[in-house]
Amino acid sequence: MVPVKSNLTSPKIVVLGSINMDVVIRCETLPRPGETVIAKSSDEVCGGKGANQAIAAARLGGKVDMIGSVGSDSFAARLLTNLRDAEICIEAVRLENDCASGLAVVAVEDSGQNAILVVPGANGRVTIETLREHVHRIAHSEVLLCQLELPLETVLRGIEVAKASGVRVILNPAPMPSVFPAALLHVDLICPNQHEAESLLKTSIQSTDDARVASEELVRLGAKHSVITLGGNGAVVCDGDRTQWIKPFVTIPVDTTAAGDAFAGAIAVYWSQLGDLFQAARYASAAGAIAVSRAGAQPSLPTRAELEAFLNSQSHDATH
């Protein structure tokens with residue numbers, strides 16, 4: 001696979017999503033219910049699925065606007081500076097008074113697996129009223145990239161605005177809500193991981209064949225395209241006419257926290273630039289593989305140069 005040229009036009013991407021401070025705790029094994037585990041270390045790292053995906057897209061060449069909120073606490077300035085340093089437009093990020101910024105406690109065990117608790121904070125105040133101020137921003141973009149750490153009604157309204165303007169909508173349905181509105185399926189691309197797809201479809205996905213069936217079912221239910229990521233087993237892509245398995249890139253897992261965010265940000269950029277979802281999914285899989293091999297959420301997200309160097313180092317017969 002020849003890496004995409006770096007001089008392609010930067011797609012305009014609006015990310016409607018969460019902005020959190022992650023408290024990352026590293027431990028030998030994750031605690032079981034009722035168990036106390038002595039951890040190895042703790043760090044404060046800027047995160048949130050929305051912010052992670054915005055930075056993933058920006059590092060890979062996207063021109064990114066962020067719509068979201070931070071609180072009036074000590075984290076807010078760090079969170080905003082972090083986005084600004086990534087060359088993300090933060091004009092649509094609102095400062096909420098008398099409210100804490102979003103907070104996530106991320107426990108990561110030595111195997112790289114993680115468990116996450118999220119307190120929405122200011123993210124819960126990103127409302128439909130908030131969106132009214134930024135309809136033009138969405139309408140003049142190429143891609144709206146959403147997750148589900150904001151109120152569902154806000155995400156649904158953002159999708160409506162994008163669709164009315166002919167803007168491509170990509171939904172990473174994470175975290176999976178207890179009730180999943182059917183309207184969320186009517187997007188250009190839905191990209192759940194294996195567990196999210198199982199929850200959404202009320203089925204078990206134990207193999208790539210199961211994932212093929214599930215990805216086709218997501219399209220049958222309303223999505224124009226679907227990608228189900230399978231961690232170390234690659235990904236399955238369906239465009240409504242054909243379904244392909246994207247072979248995994250082999251890496252040593254260090255921290256899986258931002259793998260899905262790296263994938264979502266990358267596919268938003270490369271699908272816009274290449275016009276080929278299957279090819280874009282290969283690049284996105286590579287971005288996810290790099291993220292898994294590094295510690296932290298945003299620190300693990302690759303730049304375009306790093307992604308192209310990684311691809312050049314691989315021998316990868318990508319699809320089946």
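This passage describes a four-stranded sheet and two helices, α1 and α2, in a predicted model. The model was treated with confidence limits: local features need pLDDT of at least 70, side-chain atom pairs count only at pLDDT 80 or more, and totals for chains, interfaces and linings use all residues. Residues are numbered from 1 along each chain as its sequence is written, and side-chain values use heavy atoms, with hydrogens and water left out.

Helices (H or I, at least four residues) and strands (E, at least two) are DSSP runs, numbered from the N terminus. Four strands form an open sheet in the order β3-β2-β6-β7, and their pairing is mixed; two strands pair if DSSP finds at least two bridges between them. β3 (41-47) and β7 (114-119) are the edge strands, each pairing on one side only. From one strand to the next, the twist averages 20°, where axes are lines fitted to C-alpha atoms, for helices over the stretch in contact, and angles run from 0 to 180 degrees between N-to-C directions. β6 (residues 102-109) runs antiparallel to β7 and is joined to β7 by six bridges. Ala104 lies opposite Val118 of β7.

Helix α2 (residues 75-85) packs on this sheet and touches β2 (20-27), β3 and β6, contact meaning heavy atoms within 4.5 Å. The direction of α2 makes about 60° with that of β3.

In helix α1 (residues 49-59), nine of the 11 residues are buried, that is, under 20% relative accessible area (1.4 Å probe, protein chains only). Among them are Asn52, Gln53 and Ile55. The elements covering the buried residues of α1 include β1 (12-16), β3, β4 (63-70), α2, β8 (143-146) and α8 (259-274). Gly61, which follows α1, has a positive phi near 115°.

Technical notes
Buried < 20%, exposed > 50% of the residue type's maximum accessible area, 1.4 Å probe, protein only.
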